[in-house]
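Trainee: I would like a close look at one part of this model, the stretch around the last two helices, and how that part relates to the rest of the protein. Please take it step by step.

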Amino acid sequence: ERYAYVKARPVIGGERFDELYRNVLRPFVYRRYLDFSVFESLREMKELISREVERRELQGNVKLGPGGIREIEFIVQAYQLIRGGGDPRLQTRSLLTALPLLEGKKLLSAAAVQELGDSYRFLRRLENRLQERNDEQTHDLPQDETGRARLALAMNSPDWAALAEEIERHRRRVSGH
């Protein structure tokens, strides 16, 4: 539940929600002191996600597949849960706001922050191009030659082989972290 609340958005507004969030949800999500039980819970969650990716055969999915967008979100949100209670700046729904804050806190190296940020922006742009093709909510790479050529063109890549190599490079980096 705590993990889900990192990205939660209100469906009601006004003073009542602000008070509820400030007094109930924020302390629940962002523990003031390091909560060591969260480590095992995050390990279990990551294992469940990995098994689900394998079971559903999501290798070609840029969001849920290995080294995809969801893995970058998992890395950042895990650190937000672990350290957000002590550093209120980490209490943000924006991954690109939280990610640079993880550098210099002995959490992620400058290189890791740079690589994860670059990969996140690349994969989000790729996701957007995939969804623009038929105006549909998809995250799967095309399997047909025409679809691959169109995607390469949309991503300003010389051809599918070059784009596929770039996608794989980003995904390997993310999986490595």
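Mentor: What follows goes from the whole chain to the α7 and α8 region, then to the cores, the pocket and one further loop.

The model is predicted, and that applies to every value below. Eight helices and zero strands make up the secondary structure of the protein, so the pattern along the sequence reads α-α-α-α-α-α-α-α. The protein has 177 residues, and 38% of them count as buried. Among contacts with a separation of 6 or more, 60% join residues 24 or more positions apart. The protein exposes about 10,900 Å², with 48% of that area supplied by carbon and sulfur atoms.

Now the part you asked about. Helix α7 covers residues 145–154, and alanine 152 is in it. Alanine 152 has a relative accessible area of 1%, so it counts as buried, the cut-off being under 20%. Leaving aside neighbours within four places in sequence, alanine 152 is in contact with Ser157, Asp159, Trp160 and Leu163. Helix α8 spans 160–176, and the C-alpha atom of alanine 162 is separated from that of alanine 152 by 8.1 Å, the two residues being 10 apart along the chain.

Between α7 and α8 is a loop, and asparagine 156 is in that loop. The phi angle of asparagine 156 is near 60°, a positive value in a residue other than glycine. Which side of the accessibility cut-offs does asparagine 156 fall on, buried or exposed? With 72% relative accessibility, asparagine 156 is exposed, because the limit for that class is over 50%. Alanine 152, by contrast, is buried at 1%.

Both helices also take part in the largest nonpolar core, which has 28 residues. The elements giving two or more residues to this core are α4, α5 (95–101), α6 (110–133), α7 and α8. Helix α6 provides the largest share, eight residues. Leu108 and Leu126 have the most contacts inside this core. Not counting residues up to four places away in sequence, leucine 126 touches Val62, Leu141, Leu151, Met155 and Ile167. A second core, separate from this one, has nine residues, including Val29, Val38, Phe74 and Ala78.

Phe74 and Ala78 appear again in the largest pocket, where they are among the residues nearest its centre, together with Lys46, Ile75 and His177. The lining of this pocket has 14 residues, and the space within comes to about 340 Å³. Helix α8 is one of the elements giving two or more residues to the lining, the others being α3 (37–55) and α4 (69–83). Six lining residues come from α4, the largest share. By class, nine lining residues are nonpolar, two are polar and three are charged.

One further loop is worth a look, the one between α4 and α5, where threonine 92 lies. Threonine 92 has a relative accessible area of 17%, and it counts as buried because that value falls under the 20% cut-off. Outside the neighbours within four places in sequence, its contacts are Val6, Tyr30, Gln80, Thr97 and Ala98. The two loop residues discussed here are therefore in opposite classes: asparagine 156 is exposed, and threonine 92 is buried.

Conventions. Residues are numbered from 1 along each chain as its sequence is written. This is a predicted model: local features need pLDDT of at least 70, side-chain atom pairs count only at pLDDT 80 or more; totals for chains, interfaces and linings use all residues. Side-chain values use heavy atoms; hydrogens and water are left out. Helices (H or I, at least four residues) and strands (E, at least two) are DSSP runs, numbered from the N terminus. Buried means under 20% relative accessible area, exposed over 50%, partly exposed in between (1.4 Å probe, protein chains only). Contact means heavy atoms within 4.5 Å. Accessible areas come from the Shrake-Rupley method with a 1.4 Å probe; for residues, only the protein chains shown count as cover. On a 1 Å grid over the protein atoms alone, a cavity is a set of points where a 1.4 Å probe fits but cannot get out, and a pocket is an open set with protein on both sides within 12 Å along at least five of seven lines; lining residues have an atom within 4 Å of a point. Grid points are joined across faces, edges and corners, and a volume is the space filled by probe spheres set on the points. Ala, Val, Leu, Ile, Met, Phe, Trp, Tyr, Cys and Pro count as nonpolar, Asp, Glu, Lys and Arg as charged, and the others, Gly among them, as polar. A nonpolar core is a set of buried Ala, Val, Leu, Ile, Met, Phe, Trp, Tyr and Cys residues joined through side-chain atoms within 4.5 Å.
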